[in-house]
Amino acid sequence: MTTEEFRHVPVMLDEVLSELDPKPGEVVCDCTLGGAGHSVELARRVAPEGLSLGIDQDDVALRAATERLAREVPEASVRLLKGNFGDLDDLLVEAEVPGVDCFLFDLGVSSPQLDTPERGFSFHEDAPLDMRMSGNNTLTAAEVVNTYNEADLTRILRVYGDERFAGRIARRIVERRAKAPVETTLELVDCVKQAIPAAARRHGGHPARRTFQALRIEVNHELDVLDRGLRAAVRWANPGGRICVISYHSLEDRIVKHVFSELSQGCTCPPDLPVCVCGHVPILDVRTRRPLVATDEEVAANPRSRSALMRVAVRLEA
Ligand SMILES: C[S@@+](CC[C@H](N)C(=O)[O-])C[C@H]1O[C@@H](n2cnc3c(N)ncnc32)[C@H](O)[C@@H]1O
């Protein structure tokens with residue numbers, strides 16, 4: 001896929017640039033490179049002495065981003081790494097950088113990933129139930145749907161999808177797969193539609209949206225890797241370094257809020273203790289008590305930005 005074909009409009013780009021404020025000579029790390037929509041602008045600002053690192057686990061995104069960065073910011077020093085940002089420590093060791101000034105996480109899938117039916121992310125197109133963001137991942141959505149027990153399916157749909165009909169959908173999947181495995185996206189959509197009462201199907205967007213979101217999170221271990229990646233970013237951030245995360249659903253945002261708040265806490269010892277025994281020292285200054293959201297103009301121009309929630313923190317000296 002060429003850059004022209006890899007169409008993904010970067011979300012909250014102005015806010016990313018003003019919050020991260022990348023300066024000439026700095027090191028930036030885009031942990032979710034995608035089509036480099038944010039990275040081209042970050043690279044432009046730190047070039048030519050600075051370094052732009054970009055991470056993605058998707059070969060198609062890496063190829064499109066490599067081409068775009070070379071064409072649009074030839075003066076920039078760029079290093080792109082294939083991997084999962086859950087392994088950020090190893091990736092940054094590989095990149096041989098002593099520290100990073102700006103980290104960006106723009107979570108989830110890109111528009112081209114959603115729009116490529118064979119990837120199995122879309123509930124509009126028929127395709128094998130895959131949903132892996134990386135070929136290195138062995139778990140597929142088909143495996144989850146056809147092998148997890150009813151209780152686990154219900155839990156995943158309820159917790160990761162916030163699906164109120166989780167139990168009914170899980171039961172329908174289990175009944176259906178007893179006859180034949182659920183192998184395609186539209187077979188799964190069919191199960192969901194049969195499980196949800198007709199009145200509920202008329203509201204709140206596509207009835208399978210929450211089920212697909214839940215399976216994607218499970219298949220790609222999205223919440224675990226976010227917690228790990230974020231903590232690693234805080235460790236690697238230079239003093240004064242900025243970390244910006246854009247989430248697209250409340251579970252992700254809750255993890256970002258929790259990690260930021262935990263690492264910005266000082267001593268938590270009871271006030272009557274004469275000396276601190278907990279050893280907590282704040283290492284982050286959280287810049288966003290509440291998440292920033294996209295402007296009305298951006299939402300009108302790019303519907304994907306509607307659910308974006310941005311949080312920003314700055315690494316302290318400690
Ligand atoms: C929303 S898109 C990023 C779009 C990019 N900011 C742009 O404007 O072009 C998210 C990208 O991050 C990648 N991604 C998601 N989770 C990842 C993870 N845990 N490790 C590495 N890459 C990940 C996806 O493959 C996808 O290409």
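Reader: Which residues of E7 lie on one side and which on the other, and are they buried or exposed?

Author: In a regular strand, side chains alternate between the two faces of the sheet. Here Leu309, Arg311, Ala313 and Arg315 on one side of E7, and Met310, Val312 and Val314 on the other, are all buried (under 20% relative accessible area, with over 50% exposed and partly exposed in between; 1.4 Å probe, protein chains only). Because seven of the seven residues of this strand, 309–315, are buried, E7 is largely enclosed by the rest of the structure. This is a predicted model, in which local features need pLDDT of at least 70 and side-chain atom pairs pLDDT 80 or more, while totals for chains, interfaces and linings use all residues. Residues are numbered from 1 along each chain as its sequence is written, and side-chain values use heavy atoms, without hydrogens and water.

Reader: Which strands pair with E7, and over how many bridges?

Author: Strands are DSSP runs of E with at least two residues, helices runs of H or I with at least four, numbered from the N terminus, and two strands pair if DSSP finds at least two bridges between them. E5 (residues 237–247) pairs with E7 in the antiparallel sense over six bridges, with Val245 bridged to Arg311. E6 (residues 284–286) is also antiparallel to E7, over three bridges, and Leu284 stands opposite Arg315.

Reader: At what angle do H7 and H8 pack?

Author: Two packed helices are described by the angle and the distance between their axes. H7 (residues 150–161) and H8 (residues 166–179) pack at about 140°, with axes 8 Å apart (lines fitted to C-alpha atoms over the stretch in contact, angles running from 0 to 180 degrees between N-to-C directions).
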